[in-house]
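Hi everyone, thanks for making time. I'd like to walk you through a structure that's new to most of you, so have a look at it first and then we'll go through it piece by piece.

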Amino acid sequence: MNTVVEKFFLDKAANRHLDWLESEAIHIMREVAAECSNPALLFSGGKDSVVLLRIAEKAFRPGKFPFPLVHIDTGHNFEEVITFRDKRVAELGERLIVGSVEDSIKRGTVRLRNPLTDSRNAAQAVTLLETIAEHKFDACIGGARRDEEKARAKERIFSFRDEFGQWNPKAQRPELWDLYNTRVHPGENMRVFPISNWTELDVWQYIAREKLELPPIYFAHQRQVIPRNGLLVPLTDLTPAREGETAELREVRFRTVGDISCTCPVASDAATVEAIIAETAVTQITERGATRMDDQTSEASMEKRKKEGYF
C-alpha cells in the first residue's frame with residue numbers, strides 16, 4: 001500500500017478512536033453534572049488534567065463549568081507547573097480552590113518528621129478529604145487512568161468512597177452498559193475518572209490533535225539529576241545528592257508531574273509532542289514505574305494510599 005494512503009487510513013482510525021474516547025469522557029462528565037449536587041474537577045496543571053479541561057470545555061461551553069476547579073497543593077510542586085496552572089485557570093475564567101498541605105501541617109492534621117524536606121505526596125490524601133468536607137463535595141472528577149498502575153486498574157469510573165473517604169475495591173458498584181449509580185449518603189462521595197479507558201499514548205495523541213498547551217517540563221530540557229535506584233532524581237533543595245552520589249547534567253523530560261520529592265524525569269531528547277508520541281509508542285515501562293519514587297516502596301503502596309483516601 002502506498003505510504004501516503006496508509007498514513008491517511010492510520011490517521012483516520014486514530015481519530016475515530018480518539019473521537020470515541022472523547023465522546024465517552026464527555027458523557028461521563030455530563031453525567032456527573034446531572035446526577036451529583038456539588039461536584040468539583042481536580043486540576044493540577046498536569047497533562048491528564050489538561051485533557052480533562054478540554055473535555056469540560058466541549059461538554060459545557062459556551063456556559064461556565066458546573067463545578068469549581070480544585071488543586072491539592074503540597075507546597076513542593078514544580079514552579080513551572082504552578083505557573084501554568086494559574087495561567088490556564090485565568091484563561092478559562094473559572095474558579096480555583098486550592099487545598100494546602102502546608103495548612104494541614106499547621107492545623108496538626110498532617111504530621112511529618114521533617115515538614116521542610118519529607119515527601120508530602122501521601123499527605124495529600126488528608127488535605128483532599130479536608131477540602132471535600134469543607135466544601136461538601138459529593139464528587140471529585142480526576143484524571144487517573146487504568147493503565148497507570150495496578151491499583152488504578154481496579155478502579156471503577158465512578159469510584160465510591162465511604163464516609164471516611166476510603167476506597168474498598170471489593171465494595172464498588174457495577175457499571176454495566178455505561179449506567180452509573182451516583183447515589184451517596186451525606187459524607188460519602190464519588191471519585192470520577194472520565195479518562196479511565198485512555199492510555200498514555202491516547203493522551204498525547206489527543207494533546208496533539210487538540211493543540212493543547214502544557215507546562216514546559218514535559219518536553220526535553222537540560223537538568224541536573226542524580227542517578228539513584230534506576231531513576232533520575234532531580235537535584236533540588238528537597239532532593240539533594242546523598243553521600244557518594246554525583247549530580248549529572250542530562251537531557252530529560254517529565255512523563256508525569258507531582259510532588260518534587262517523589263517525581264523523577266526520564267532521559268529523553270523528545271522536545272515536541274510528535275517526538276513524545278513516537279517515544280511513548282515504543283516504551284515498555286509505565287509512566288509511574290519510570291518516574292515515581294513513592295511507587296517503588298512496594299507493589300501495594302498505591303493501593304494502600306487509595307484505601308486511606310488518596311486520589
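Let's start at valine 51. Leaving out residues up to four places away in sequence, valine 51 touches Ile195, Trp198, Val203, Tyr206, Ile207 and Leu212. Before I go on: this is a predicted model, so keep that in mind throughout.

Now, which residues touch the most other members of the largest nonpolar core? They're Met29, Leu41, Val51 and Trp198, in a core of 53 residues. So there's our valine again, Val51, on that list. The elements giving two or more residues to this core are helix H1 (3-35), helix H2 (47-60), helix H3 (79-92), strand E4 (139-141), strand E5 (158-161), strand E6 (189-192), H7 and helix H8 (273-282). And which one gives the most? That's H2, with 8 residues. There's another core lying apart from this one, with 13 residues, including Ile72, Ile105, Val110 and Cys140. As a bit of background, nonpolar side chains in soluble globular proteins tend to be buried together.

Okay, on to the sheet. What's the strand order? We have 6 strands in an open sheet, and they run E3-E2-E1-E4-E6-E5, with mixed pairing. At the edges you'll find strand E3 (96-100) and E5, each of which pairs on one side only. On average, neighbouring strands here are turned by 30° against each other, ignoring direction.

Zooming in on one pairing, strand E1 (residues 39-42) goes with strand E2 (residues 69-73), parallel, over 2 bridges. If you want to find a bridge by eye, take leucine 42 and look for valine 70, its bridge partner in E2. H2, our big contributor to the core with its 8 residues, packs on this sheet: H2 touches E1, E2 and E4, and its direction makes about 135° with that of E1.

Next stop, helix H7. Which of its residues are buried? Glu200, Asp202, Val203, Trp204, Tyr206, Ile207 and Glu210. Notice there are charged residues in there, so let's look at one of them, glutamate 210, which lies in helix H7. Its relative accessible area is 15%, and the cut-off for buried is under 20%, so glutamate 210 counts as buried. Not counting residues up to four places away in sequence, glutamate 210 touches Glu22, Arg54 and Lys58. Right after H7 comes lysine 211, and its phi is positive, near 55°.

Last topic: the aromatic rings. How many aromatic pairs are there? The count comes to 7. One of them is phenylalanine 60 with phenylalanine 67, an edge-to-face pair, 5.6 Å centre to centre with 85° between the planes. Both phenylalanine 60 and phenylalanine 67 are buried. Another is tryptophan 204 with tyrosine 218, also edge-to-face, at 5.9 Å between centres and 75° between planes. That pair links distant parts of the chain: tryptophan 204 sits in helix H7 (residues 200-210), while tyrosine 218 is in the loop between H7 and strand E7 (221-228), 14 residues apart. Buried or exposed? Tryptophan 204 is buried at 0% relative accessible area, and tyrosine 218 counts as buried too, at 1%.

One more thing to find on your screens: ring pairs link Phe60, Phe65 and Phe67 into a cluster.

That's my tour, thanks for listening.

Notes
Residues numbered from 1 in each chain as written. Predicted model: local features only at pLDDT ≥ 70, side-chain atom pairs only at ≥ 80, totals over all residues. Heavy atoms only, no water. Phe/Tyr/Trp six-rings, centres within 6.5 Å; stacked < 30°, edge-to-face > 60°. Buried < 20%, exposed > 50% of the residue type's maximum accessible area, 1.4 Å probe, protein only. Helix = DSSP H or I, 4+ residues; strand = E, 2+ residues; numbered from the N terminus. Contact = heavy atoms within 4.5 Å. Core = buried A, V, L, I, M, F, W, Y, C linked by side-chain atoms within 4.5 Å. Pairing = 2+ DSSP bridges. Axes fitted to C-alpha atoms, helices over the stretch in contact; angles between N-to-C directions.
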